[in-house]
Amino acid sequence: MTTLGETQRLQLRDEPALTARPPVPQAFYDRPALTVARETLGMVLVRQGPAGRQAGRIVEVEAYDGPGDAASHARSGACGRAQVMFGPAGYAYVYLIYGIHHCLNFVTGPVGYPAAILVRGLEPLVGITERTNGPGLICRALAVDRRLNGIPLTSAELWLEDWGQSVADSDVIARPRIGIHFAGEPWASQPWRLYERDNRWVSKR
DNA sequence: TGCCGGATCCTG
DNA sequence: AGGATCCGGCAA
């Protein structure tokens, strides 16, 4: 596995037209949440929306895994907003939080098993001018709201691409998830927040 | 039907 | 440290 240094990433930023790749297929998401989370680091999130084509490299994610995860929206069953998490892998789960901000997730795993990856940090590559170090900021910068809830990640509006900028194992940091103290143990301590070491686009704390 | 609190972010 | 501001879950 090779990783690109900062210099090569800067070169990629200068050649956006040359870097488009096919969308990551649905099968990528149809695996355990932690596996998908690890491999999602370094993948490029592409948004085709009101601002045209935007792209950024995912540098921070969190996994929410299974019906027993007390921090997951799926903890109360397949009702309300969490329904998408119980559906097939490879779909977007977008919800409104604190009445103000949106959060973007990728549904993972088999039908009936609720799991998802929350996108928390994005390194701008193409067409992104606002801050993207935090889940609400990412959605604002990419014009992602609940209209995108439930769309497939192979759609023409939002998808992942592999630009060959994966994160080396030695650069992956695993820590407890943010803002889920209410879940209690062991969930509050599960190291299911993954991010790239020393990347400025990782959310604060 | 009402209330409580949240996978956040900004301002003071 | 506290406010913004909507929605889901749970108690009554």
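**Strand β4 and DNA strand C**

Author: In this predicted model, strand β4 (residues 101-107) has 6 of its 7 residues buried, so the rest of the structure largely encloses it.

Reader: What makes a residue of β4 count as buried?

Author: The cut-off is under 20% relative accessible area. In β4, 6 of the 7 residues are buried, so each of those 6 falls under that 20%.

Reader: How do you know that β3 and β4 pair?

Author: Pairing takes at least two bridges, and β3 (residues 92-97) has 6 to β4, so they pair. The two run antiparallel, and leucine 96 has histidine 102 as its bridge partner. In the hairpin they form, 3 residues sit between the strands, and tyrosine 98 has a positive phi near 55°.

Reader: And what makes β4 and β5 a pair?

Author: Again, at least two bridges are needed; 3 join β4 to β5 (residues 115-126), so that's a pair too. These strands also run antiparallel, with asparagine 105 opposite leucine 118.

Reader: Why are Leu96 and Tyr98 listed around DNA strand C?

Author: A residue is near the strand if one of its heavy atoms lies within 4 Å, so Leu96 and Tyr98 each have such an atom. Sugar and phosphate make up 64% of the atoms of DNA strand C within 4 Å of the protein.

Reader: What makes the approach of tyrosine 98 a polar contact?

Author: A backbone N or O atom of tyrosine 98 is 2.2 Å from a base oxygen of DNA strand C. The limit is 3.5 Å, so the pair qualifies. Arginine 146 qualifies as well, because its polar side-chain atom lies 3.0 Å from a phosphate oxygen of DNA strand C.

Definitions and conventions: Residues numbered from 1 in each chain as written. Chains lettered and ligands numbered in written order. Predicted model: local features only at pLDDT ≥ 70, side-chain atom pairs only at ≥ 80, totals over all residues. Heavy atoms only, no water. Buried < 20%, exposed > 50% of the residue type's maximum accessible area, 1.4 Å probe, protein only. Helix = DSSP H or I, 4+ residues; strand = E, 2+ residues; numbered from the N terminus. Polar contact = N/O pair within 3.5 Å; in protein donor to acceptor, adjacent residues only side chain to side chain.
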